[in-house]
Structures are given as C-alpha cells and as structure tokens.
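Got your viewer open? Let's take a short walk through the salt bridges, one selection at a time.

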Amino acid sequence: MRISDRRVLKLIRQWLQAGVMENDQFHETELGTPQGGVISPLLSNIYLNYMDTIWENQFSHLGTLIRYADDFVIMCRTKQEALESIQVLMAILNKLELSLSKEKSRLVNIWDNSTGFDFLGLHHRKFPVFNKGGSKVFAMSHVPAKKAMKEMRRKIKEYTAPRNKLFLSLEELVKGLNRKLRGFKNYYFISPIAKRWARRIDWYVIERLTIFCNKKRSKRNKHAGKLKVIQNTQGSLLKLAG
C-alpha cells in the first residue's frame with residue numbers, strides 16, 4: 001500500500017519464503033514469518049500497521065493500544081470496554097488472516113494488587129504502598145517476570161559453571177559477569193519496588209561464585225565460604241539492589 005520500490009518488496013517476499021532450519025533439517029515456509037526469526041518483529045510491524053491505524057481512527061475510545069511487534073496490550077477503563085475491544089480485535093485479526101492466541105491472552109483487573117500481566121519481559125501490577133498517615137493505596141509498578149528471572153539465573157549458571165572457567169581468577173570471572181548483570185539491571189529494574197527481585201539475583205550470584213571458588217580449591221562442600229566470597233567481591237561485583 002505504501003512501498004512501491006520493487007527491490008524492497010522482493011526482499012520482503014524472500015524473507016517470507018526463506019524457510020526455517022530445525023534440527024539440521026530445512027523446512028519450507030508455508031504461511032507467515034518463522035517464530036523467533038530475527039526479521040519477524042520488523043515484518044510484524046509492517047503487517048500490523050493496519051491494525052494500529054484502524055484502532056486509532058475508529059476504536060481508540062475503547063482503550064489505549066500498546067503494541068510491540070506481535071505482542072500488544074489494551075488498557076481499558078471498564079470491563080465492558082475490554083470485552084468489546086476483544087471482539088473488535090478478533091474481527092480485525094480475522095481480516096488479516098491472523099488469530100488471537102487463547103493460551104497467551106487474558107482479561108485482567110488491575111484496580112488492586114490481586115492480578116497483573118506480563119508484557120515485554122516485565123510483570124505489570126499494582127502493589128500496595130503505605131502513606132505517611134498509614135493509609136494504603138495501590139500504585140502501578142513493573143518488576144521482572146518469572147520467565148525473565150528464570151532466564152537470568154540460567155545465564156548466570158551457564159557463565160559460571162563450565163570447568164574451563166576455573167582457570168580464571170575470581171576478579172576476572174566477576175568482570176565478565178558484571179556485563180551480563182548490567183544489561184539485566186538497565187532493562188528490568190526501572191521501579192524502586194523491583195529491589196526485592198534484584199536481591200534474589202544478587203544472592204544467586206553469590207551462591208554461584210561460592211560454588212566456583214570451592215570448585216577451584218577442590219572443596220567438597222560447594223556452599224561453604226559464602227561470607228569470604230562476599231568480602232572478596234566487595235566493590236567489584238555489580239549489585240542489582242544497590
């Protein structure tokens with residue numbers, strides 16, 4: 001509708017027909033973009049631009065649409081508006097020959113701290129906050145999702161566990177580990193309440209470093225000497241909750 005450059009259109013067509021590799025086997029692409037493909041977010045933005053335009057022009061009174069690639073959230077004022085939004089979305093997606101994932105989609109009430117939702121690796125929910133007078137209010141905040149926390153622990157373990165890392169000093173290991181922790185902190189810890197989640201990662205890092213030091217010294221009790229590790233890394237290890 002908007003691009004008339006044949007070379008660009010040809011390139012997009014080639015991406016859609018490139019196929020996928022799975023277990024060293026090539027599979028032709030029958031429909032859509034490959035899940036997890038590096039170009040998929042861009043192609044999603046091109047294709048779903050129609051949905052953004054229709055929503056903004058005709059249905060913005062129902063709520064605010066926030067979309068990133070093929071993931072999106074609609075913030076509505078009432079349950080009735082939310083239910084109507086679902087019907088509108090299903091009609092738009094049906095016209096685009098797409099379907100709404102029932103497993104990943106749900107309707108949540110975020111007026112209090114009973115429920116929340118995950119979006120872009122963060123869990124969004126209202127948390128109780130106490131004023132100086134002792135009254136309790138609920139304020140929206142954003143913390144790392146369970147999946148993001150699990151993935152970060154996996155990366156920390158994957159970096160510290162290999163036996164070839166035992167040739168490194170503790171300072172060298174911490175230096176490399178800090179690069180991963182800094183990126184994690186910059187993305188996920190955007191609210192003060194997220195410090196609780198940061199402390200869990202901090203203690204997991206200390207635990208992995210303790211195992212590393214004890215392996216390096218061939219100690220059988222892999223969890224002994226945790227206090228010594230904390231003292232040795234003081235000032236050099238990036239503290240997420242600091």
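**Stop one: out in the open**

Start by selecting Arg-7: this residue is exposed, with a relative accessible area of 68%. Keep in mind as you click around that this is a predicted model.

Now add Asp-5 to the selection and show side chains. The two side chains meet in a salt bridge, with 3.4 Å from N to O. Is Asp-5 exposed or partly exposed? It's partly exposed, at a relative accessible area of 29%.

**Stop two: helix H5**

Next, jump to helix H5, residues 146–160. Pick out Arg-154 and Glu-151, which both sit in this helix, three residues apart, or about one turn. Zoom in on their side chains: they form a salt bridge whose closest N and O atoms are 2.6 Å apart. Switch on a surface if you like: Arg-154 is partly exposed at 37% relative accessible area, and Glu-151 also counts as partly exposed, at 33%.

Keep Arg-154 selected and add Glu-158. Here's another salt bridge, at 3.0 Å from N to O. Glu-158 is four residues from Arg-154 in helix H5, so about one helical turn separates the pair.

**Stop three: the whole set**

Which residues does the network of salt bridges link? Show Glu-151, Arg-154 and Glu-158 together and you have it: the three are linked in one network.

Want to keep hunting? A search of the whole structure turns up five salt bridges, including the Arg-7 to Asp-5 pair you began with.

Methods: Residues numbered from 1 in each chain as written. Predicted model: local features only at pLDDT ≥ 70, side-chain atom pairs only at ≥ 80, totals over all residues. Heavy atoms only, no water. Salt bridge = Lys/Arg side-chain N within 4 Å of Asp/Glu carboxyl O. Buried < 20%, exposed > 50% of the residue type's maximum accessible area, 1.4 Å probe, protein only. Helix = DSSP H or I, 4+ residues; strand = E, 2+ residues; numbered from the N terminus.
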